[in-house]
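I opened this notebook page to record what I looked up, entry by entry. The model is shown first, and my notes come after it.

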Amino acid sequence: MEIQTARLEDYEKIATLVKEAFTLSEHGYGNEAELVEKIREDESYLPELEIVAKENNILLGYGLLSKVEVLNTSGKSLTGLVLAPLAVSPNFQGQKIGEKILRELETRGKSLGYPFISILGHPTYYPKFGYVKASTYHIFPPFEAPDEAFMIKELFPNSLKNSSGTIHYAQPFSDI
């Protein structure tokens, strides 16, 4: 299996994979493929943080990180990353593909100097990889979300120290 930066010729397969993966998920499809398209057109998009997992030119999985900000009440902000979405083809789930994509995205995000990754995701999956409730750092979503599902991970030790506040997502998240 190869993990590589997504290319233009992957986009159609990515949309199909994301729709299939989320349609069969616990919460169902919520326009995640459309979100990906909108993020690609936004300033929060970083092409090197959009990756695919392939084997024999078959798309197995997909992950995308884009920029977000933690904004506190005094107007101070810290720019980090948000994972949305992470998807693995239903035919290939349970083979640690999602884990490999997540680890690669973390490595790339860290190499670019971003201090954290936030996730709204499954509360039993992401803690295995060091994600904790964002409320631990007094960081909260801008919408109603279960505390245990809104998570964050520091990419550097103490990178969230004194960074409490609310996550502010890029415009594409509001459009979906």
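These entries concern a predicted model, and they go from a helix contact to a loop residue and then to aromatic rings.

Entry, helix contact. I looked up how helix H1 (residues 11-23) meets helix H2 (residues 32-40), and found that their axes come within 8 Å and cross at roughly 140°. On the H1 side I noted Tyr11, Ile14, Ala15, Val18, Lys19 and Phe22, and on the H2 side Glu32, Ala33, Glu34 and Arg40. Sorted by character, the residues of this contact are six nonpolar, no polar and four charged. Two of the contact residues also meet in another way, since I find the charged end of Arg40 over the ring of Tyr11, 3.4 Å from the ring centre.

Entry, Glu34. I then followed Glu34 of helix H2, which is partly exposed at a relative accessible area of 28%. Its C-alpha lies 9.0 Å from that of Pro172, although 138 residues separate Glu34 and Pro172 in sequence.

Entry, Ser89. I located Ser89 in the loop between strand E4 (77-88) and helix H3 (97-111). Its relative accessibility is 5%, which is under 20%, so I list Ser89 as buried. Beyond its neighbours within four places in sequence, Ser89 is in contact with Leu17, Leu59 and Leu60.

Entry, aromatic rings. I have five aromatic pairs on record for the structure. In one of them Tyr125 and Tyr126 are edge-to-face, with 4.9 Å centre to centre and 85° between the planes. Tyr125 is partly exposed at 25%, whereas Tyr126 is buried at 9%. Ring pairs join these two tyrosines with Phe129 and Tyr131 in a cluster.

Technical notes: Residues are numbered from 1 along each chain as its sequence is written. This is a predicted model: local features need pLDDT of at least 70, side-chain atom pairs count only at pLDDT 80 or more; totals for chains, interfaces and linings use all residues. Side-chain values use heavy atoms; hydrogens and water are left out. Axes are lines fitted to C-alpha atoms, for helices over the stretch in contact, and angles run from 0 to 180 degrees between N-to-C directions. Helices (H or I, at least four residues) and strands (E, at least two) are DSSP runs, numbered from the N terminus. Contact means heavy atoms within 4.5 Å. Ala, Val, Leu, Ile, Met, Phe, Trp, Tyr, Cys and Pro count as nonpolar, Asp, Glu, Lys and Arg as charged, and the others, Gly among them, as polar. Buried means under 20% relative accessible area, exposed over 50%, partly exposed in between (1.4 Å probe, protein chains only). Rings of Phe, Tyr and Trp (its six-membered ring) pair if their centres lie within 6.5 Å; planes under 30 degrees apart count as stacked, over 60 as edge-to-face and the rest as tilted. A charge sits over a ring if NZ of Lys or CZ of Arg is within 6 Å of the ring centre and within 35 degrees of the ring normal.
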